[in-house]
Number of protein chains: 2
Amino acid sequence: MNGDTSGNVTDISVIGVGNIGAAVVRSLLAAGHSVTVWNRSEERCAPLVDEGARLANSLRDAVQRSEVILLCLLDYSITARVLATDEVINALAGKTIVQFATGTPHKAESEFKWLAERRAYYIDGAILAYPRSVGTVDCKIICSGDRSTFDRIRPMLNSVGTVRHVGAKVSTANVLNLSVVGVFYEVAFAAFLEGAAFADAHGATIDEFMSVFPHVVSVLVESVEYSIPQMKSHDYTGSEASVDVHSEAMTQLRGALSAAGCRNVLMTGLVDYLKAAQSEGAGQLEFAALFETIRMSTSRS
Amino acid sequence: MNGDTSGNVTDISVIGVGNIGAAVVRSLLAAGHSVTVWNRSEERCAPLVDEGARLANSLRDAVQRSEVILLCLLDYSITARVLATDEVINALAGKTIVQFATGTPHKAESEFKWLAERRAYYIDGAILAYPRSVGTVDCKIICSGDRSTFDRIRPMLNSVGTVRHVGAKVSTANVLNLSVVGVFYEVAFAAFLEGAAFADAHGATIDEFMSVFPHVVSVLVESVEYSIPQMKSHDYTGSEASVDVHSEAMTQLRGALSAAGCRNVLMTGLVDYLKAAQSEGAGQLEFAALFETIRMSTSRS
């Protein structure tokens, strides 16, 4: 693992240069790497070639030219269509494939197996940032898969963002990406909009809403940290507001959203969870007891 | 407004000494105020009396003893039952009632009117903190109502937390509390649990989940700030991932949650919103376009 300085990776092929892919190429070029690009619609490559990237003549050419192949395609089905062609398959042996597509953990596992059969190395990763942050320290990248393979490509990825290895199991980066970004981030962003719509319906401005928002985000982070030991021990007793109190308050609030003419899909979902927790006997416990309700079918069925 | 130093308020009665009320009493006592307490079940007052609070003989006594009456009861219906009794009504004239119950904006408005008819002043407020933070700078308190009334009680409330006046309209504090804490905070906390359940179902630990969480919270705050000008201008065009892209990805993810045996009520709600936005023609716009979908019945019906 340590001291593996032989054969520093400097040649990279990037397949897929949409918003994220193009930003990745630019940060690699800025760090002095030799970058080959390929994209289904070739015109997206032109500005990158002007900036110093080399255009691959074909997909096979892109795979042959570099030891490391970065895939910045939308999802795994596109990736499979790209790699699983006769012209490409024979060029894969010995290459390291770094996959940044969003997909399910199962797809990461099967991709890994398919590539292993073709004697290619595989690292699955997720870029937890908008294109505008790529190339800065604010661009967090998580990777999973074989550690020594990761260590070989790490210096290269460091020019794209702050890189961290999150597990030897190839699906871990995907699981964390889906659960934290896919579920938490996306739902919380929509909850912000649902809350803002309620404020708006009552004549409060977005600026008034935002004057309170950052503080409540801090309280959220604090509450989540407070609940971690509860989730680990499965013990949710405590003296903060109980599920019963939350359920009563949120049921009233849901009614207020309806009365104000706002859609309240997320608030309705929350009330459903709280009532389910109550019916399971968790009414006297603290809020994080919903964790058991949500994972119930896996943990208790 | 300024320079109103006459008649510094130092005597306060606190009605309702549950978890929050007791913490408020302690921070007022620590700041040297003379505090009278009343609670329906009197035994909750005993430890506070030991610490220096005075026990009211009756509700009327609690109202009569101080110029400022702080209500730390659960909701407005309890408040109404407490204040609207013959023994109390005649003691209200000239008093300043500070209301910390959670309730709808309409209830705040009607409480204000009812008290105004009895020649009492009224400030509605919300404590955006857990009891454990009360008395520290991390305890944020928002108040709305007449500004000069607020300025009179502000020095007193400063010993409870960091106090801010958010509007002359008496319901504004409530609207902000319900929309930011009630909707955003509660749904986002549940979304954290829904995401953690998915990670758990795939063998990732809570610590692995938390290793990514704080960064994603930062991205959330950044995304929300990015979307504010869009919400103000109702223009959601841009080059970040579109509603169509989010909808496709979240539909797949919802399927993955189901396949993993996790309840996915919030993710299902998010997919509903995304599909509604698509059917309204917002597919090519950025995520915050959901704001128009959510507030649709008020803004477009």
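**Group meeting: a walk through chain A and its core**

Hi everyone, let's begin with contacts, meaning heavy atoms within 4.5 Å: in chain A, among those between residues at least 6 apart in sequence, 61% join residues at least 24 apart. Do keep in mind that this is a predicted model, where local features need pLDDT of at least 70, side-chain atom pairs count only at pLDDT 80 or more, and totals for chains, interfaces and linings use all residues. Residues are numbered from 1 along each chain as its sequence is written, chains are lettered from A and ligands numbered from 1 in the order in which they are written, and side-chain values use heavy atoms, with hydrogens and water left out.

Now the overall layout. The C-alpha atoms of chain A fit a box of roughly 65 × 45 × 35 Å along the principal axes. An automatic or database domain assignment gives domain 1 at 11-169 and domain 2 at 205-299. The centres of these two domains of chain A, over C-alpha atoms, lie 39 Å apart.

How much of chain A is buried? Of its 301 residues, 57% are buried, that is, under 20% relative accessible area with a 1.4 Å probe, protein chains only.

Which residues have the most contacts inside the largest nonpolar core? They are F184(A), F192(A), F184(B) and F192(B), in a core of 118 residues. Such a core is a set of buried Ala, Val, Leu, Ile, Met, Phe, Trp, Tyr and Cys residues joined through side-chain atoms within 4.5 Å.

Let's finish on F192(B). Leaving aside neighbours within four places in sequence, F192(B) touches F184(A), V224(A), S227(A), I228(A) and M231(A), along with F209(B), M210(B) and F213(B). Thanks, everyone!

Conventions: Buried means under 20% relative accessible area, exposed over 50%, partly exposed in between (1.4 Å probe, protein chains only).
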